[in-house]
Amino acid sequence: MRKVWELCRQATSIREEDIPIIADLASKLQIFADLSQADMFIDCLAKDKSTALVIAQASPKTARSLYSGSVVGQLATAVNEPAVMYCLTTGKAVIGSRGVSQEQFVMRQSVVPITNGKGETIGTLITEQDISKQVEQERNVEMLKETTEQLSETLIQFAVPDMPISSLMHEGMILFDQSGIITYANSRAEKLLSLIGLEEPAKGESIERIFSWRVSPENFVRHGGYIQEELSRGKHFLLMKAVSAVRKPDIIGGIILLRDISDIREKEKQLMIKSAVIKEIHHRVKNNLQTISSLLRLQMRRSSASELEKVYRESINRINSIAIIHEYLAQDGLAQIDFQEILTKVSKMIVSSMRPSEQAIQVVVKGESVYLPSDKATSFALIVTELVQNCMIHGFRDRQEGRITLTLVTKDDFISLSVTDDGVGLAGGETVQQKGHLGLKIVDTLVKEDLEGTIHFRNTGEGTEVTILYPVPKEGDDDTAEDYGSG
C-alpha cells in the first residue's frame, strides 16, 4: 500500500487529499479481481497529464490472468490505451470494448472513472476479462444457426407439393422428373412466368418448352447441376434458380425456383440515378470551393503584409481540405470514405503549399484503412489541416528539414489519429491552447463537438505528438455504469 502512496505523490497529478480514495480502492482490488474473475488495474494521470500511470494491479486467483507479470509503474499513452485516456479526460465510462491482449487472448475491457467528493475524475478502474471461450461459443452458435436455417430452407423447397406450404411460398416452384417433364408447378410460378410472357408451366409438359436451352441437360452438366439466370421483359425481372439431382451421367429430376426481383431492380435504377445526381452535386461543390481558393490566392498575392499572407494561406488550406473530401465523393459517390487516402492527400498538399523552396519536410502516413461517414471525414480533414499547419508554423519554423508522421488506426472501439513531428517540441498542450491560437481552437471545437472525442498533447523528447481519439458509435451502448468514488 505504501507503493500506491509513493507512486501517487511522486509520479501523478493527484492532489494529496484525493490519494486516500485511490489507496482505499487499491486495498480492495484483489477481492474485486477474484469476484469478477478478471485482471483489474487503477490508472491515474501522470505529472504532465499527457499519459496515464498504472498505480495498482490485481490478477484473479479464480481464473486465468491475461498478464504474466506486473505492469505497475508503466505508462499508458492515448495511442496504446485509448479507452483509459478517454475516460480520464472526459469522465465517461467505456464499457465492454473488445480487444486482444499481449498474449493474444481475446478480452473484454471496461473502464470507469474514479471520482472524488467534488465529482472530479481522479483515476480509472479498469477490468480486463479473458473471453476466448465465450467468443468460441458465439462462433459455434452462429454456425449452428446458419446450418439450421439452411436445412429448414432445403426441407421447405423440397416439401411434398400438395402440402399447403407450397402455395404460400413467395417463390414460384416447378418440379420436374428425370425426363425433364413437369410434375408440379404452384400458382405463384404461373403468375410470375406470365409477367415476362412465358408459357404456363403445365403438368406433363417439358421444362425445355418454357425455358428452352437454359435448362437443357447439357447446360445442367456444364454448370455442375446448378443454374442461376435473370429473366426479364419490360419492367419485370425474375431470378431463376434451377437445381438438378445428378447421378452421372444422367439427370434424374430437380426443382426450379422463381423470384420476382422487379422492385429490387427498380430501386437499383433509382439509386444509380440518385448516385449520379449526388456525384454531380459534390463535383460542383468541389469546383466552387476551388474557385474560392483561387480568388483568395489572387488576393493573397496582392497583399504585402506577411501576417495577412499567413491568414490567407491557412484559409486556403482549410478550403482545399474540404474540397478534397468532395472530390473523393464526386468520384465514388459513397457515404463511407477511406480516410487514409484523404490523410495522405491533405497532409502532402499542406506541406507543399507552406514550405519554402529550401526547406525539406518529409510526410509519412502509417496505419490502416479506416472508413468514415462523409461528415466525420470532413471534420478529420480540417483537424489534420490545422495540426499539420501547426507543425509547419511552430515545429519547423527555424529548421531546414524535418519529418511529420501521421498514424491512423482503430483500437478498442476508438479511431486514433496521431500527428507527430521531430520539430522543436511543444511545451504543454493546454498552455498552447490557452494562448489563443486559432488553429488549435478549431481542432479543440471539432474534436469535442463534432466527434465527441478527446485530444492529447505529448512531448516525445524529439518533438511533439498530438493524438485524437474518436469513440466509434455502436448499437446497444451500456451507459448504466456508475463512477467509483466517495461522492
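**Close-up views of a predicted model**

**View 1. Aromatic pairs in the predicted model.** With ring centres required to lie within 6.5 Å, the predicted model has five aromatic pairs. In one of them, Phe-380 and Tyr-470 meet edge-to-face, with 5.9 Å centre to centre and 75 degrees between the planes. Phe-380 belongs to helix α13 (residues 374-395) and Tyr-470 to strand β18 (residues 464-471), so the pair ties together parts that are 90 residues apart in sequence. Both Phe-380 and Tyr-470 are buried. Together with Phe-339, Phe-380 and Tyr-470 make up one aromatic cluster.

**View 2. Surroundings of Asn-320 in helix α11.** Helix α11, which holds Asn-320, covers residues 306-332. Asn-320 has 14% relative accessibility and therefore counts as buried, the cut-off being under 20%. The side chain of Asn-320 makes a polar contact of 3.0 Å with the side chain of Ser-293. Once neighbours within four places in sequence are set aside, the residues in contact with Asn-320 are Ser-293, Arg-297 and Met-349.

**View 3. Confidence along the chain, with two stretches of pLDDT below 50.** Mean pLDDT for the protein chain is 81, and 85% of the residues reach 70 or more. In residues 159-168 the pLDDT is below 50, and the model gives this stretch eight contacts beyond near neighbours in sequence. Residues 476-482 also have pLDDT under 50, with five contacts beyond four places in sequence. Where pLDDT is low, predicted coordinates should not be read in detail.

Definitions and conventions
Residues numbered from 1 in each chain as written. Predicted model: local features only at pLDDT ≥ 70, side-chain atom pairs only at ≥ 80, totals over all residues. Heavy atoms only, no water. Phe/Tyr/Trp six-rings, centres within 6.5 Å; stacked < 30°, edge-to-face > 60°. Helix = DSSP H or I, 4+ residues; strand = E, 2+ residues; numbered from the N terminus. Buried < 20%, exposed > 50% of the residue type's maximum accessible area, 1.4 Å probe, protein only. Polar contact = N/O pair within 3.5 Å; in protein donor to acceptor, adjacent residues only side chain to side chain. Contact = heavy atoms within 4.5 Å. pLDDT = per-residue confidence, 0-100.
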